[in-house]
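Reader: I've got a model open and I'd like to learn how to read its helix packing and its pockets. Can you walk me through it?

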Amino acid sequence: MHSLIAKELKLKYHSIAIYFSDYKPEKAHQFRENKWGCAMAHYNIAMKLGKAAAFDRKTYGCIGAGVGLCLGNTYEKNREFMENLLCDEEGYLKSHELVRDFMDNFPYVDIPRQYVVFKPLEMVDAKKETPALISFPVNADQLAALAVLINFRRPGNEHVAAPFCAGCQSVCVIPYNELNRQYPRGIIGNLDLSSRKVLPPDILTFTVPYKTFLEMEEDAPQCFFQKKTWLQIAERLEGSSE
């Protein structure tokens, strides 16, 4: 499965399809059972090396990733640990009360499938696999283009969000919850300081439901990609894609 958007953006790395399945791809990268790891490290492998990664309920890496990968409320049995981590150790929230508020109001999802798969979009077999989400690893220029493109066919101007959450949550569970909206938003991610350590320093993510991705692909030939302003910006992307 190929993307006109990725081509026009001159992406340096692979776009990532995220889907849920009872089968994992052959030779998919996966954490060892019940061992700690950052799920975005596997996103990094998929986007850089073009290889698939898989997670299940014993191999999601960390507590936040269990939540982030749509594997239920893994915070519930680890609330005290998370309060100490987010407030005292990492300093991401001012008080334990705010951490509890964050956990109590999080939009949890528990998918009825065994595996969560990150796979380079080009590797997806459209006849056998239907992505739930598409995630683009982007620099500032490419992010700006996606933020404009998602608005191309829509009324209003609030079609992009940048929520406070873990990196994996910004590419999976938060975008997945956008499916309930009339106009699903594009989610800017990798704003999590912890996940920024495992992705290149100039990379953010922009993730949308698959249906939204298809709409944006349909709009790509008739939008700004062939207009003067974008063509000027695209000239400086040539080097960044090498």
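Author: We'll take two helix pairs and then a pocket. Keep in mind that this is a predicted model.

Reader: Fine. How do people describe two packed helices?

Author: Two packed helices are described by the angle between their axes and by how far apart those axes are. Here, take α4 (residues 79-89) and α5 (residues 96-104): their axes come within 9 Å and cross at roughly 120°. That angle makes α4 oblique to α5.

Reader: Which hand does the crossing of α4 and α5 have?

Author: Right-handed.

Reader: And which residues make the contact?

Author: On the α4 side you'll find R79, M82, E83, N84, L86, C87 and D88. From α5 come H96, V99, R100, F102, M103 and D104. Sorted by class, that contact has six nonpolar, two polar and five charged residues.

Reader: Let me try the other pair. What are the numbers for α6 and α11?

Author: The axes of α6 (residues 140-149) and α11 (residues 228-237) come within 10 Å, crossing at roughly 145°. This crossing is left-handed. α6 brings D141, Q142 and A145 to the contact, while α11 brings W230, I233, R236 and L237. The classes here are four nonpolar, one polar and two charged.

Reader: Now the pockets. How does one find empty space?

Author: You roll a probe the size of a water molecule over the atoms, and that shows where empty space is left. In this model the largest pocket has a volume of about 660 Å³. It is lined by 31 residues, and the closest to its centre are C62, L85, E90, D192 and S194.

Reader: Which helix gives the most to that lining?

Author: α4, with five residues. At least two residues each come from α2 (39-49), α3 (63-68), α4, α7 (167-171) and α9 (193-196).

Reader: How does the lining of the largest pocket divide by class?

Author: Into 22 nonpolar, five polar and four charged residues. So α4 is worth a second look: this helix packs against α5 and also lines the largest pocket.

Note on methods:
Residues numbered from 1 in each chain as written. Predicted model: local features only at pLDDT ≥ 70, side-chain atom pairs only at ≥ 80, totals over all residues. Heavy atoms only, no water. Axes fitted to C-alpha atoms, helices over the stretch in contact; angles between N-to-C directions. Helix = DSSP H or I, 4+ residues; strand = E, 2+ residues; numbered from the N terminus. Parallel < 35°, antiparallel > 145°, perpendicular 65-115°, else oblique. Left-handed = near helix turned anticlockwise from the far one by under 90°. Contact = heavy atoms within 4.5 Å. Nonpolar A, V, L, I, M, F, W, Y, C, P; charged D, E, K, R; others polar. 1 Å grid on protein atoms, 1.4 Å probe; cavity = no way out; pocket = protein on both sides within 12 Å on 5 of 7 lines; lining within 4 Å. Points joined across faces, edges and corners; volume = space filled by probe spheres on them.
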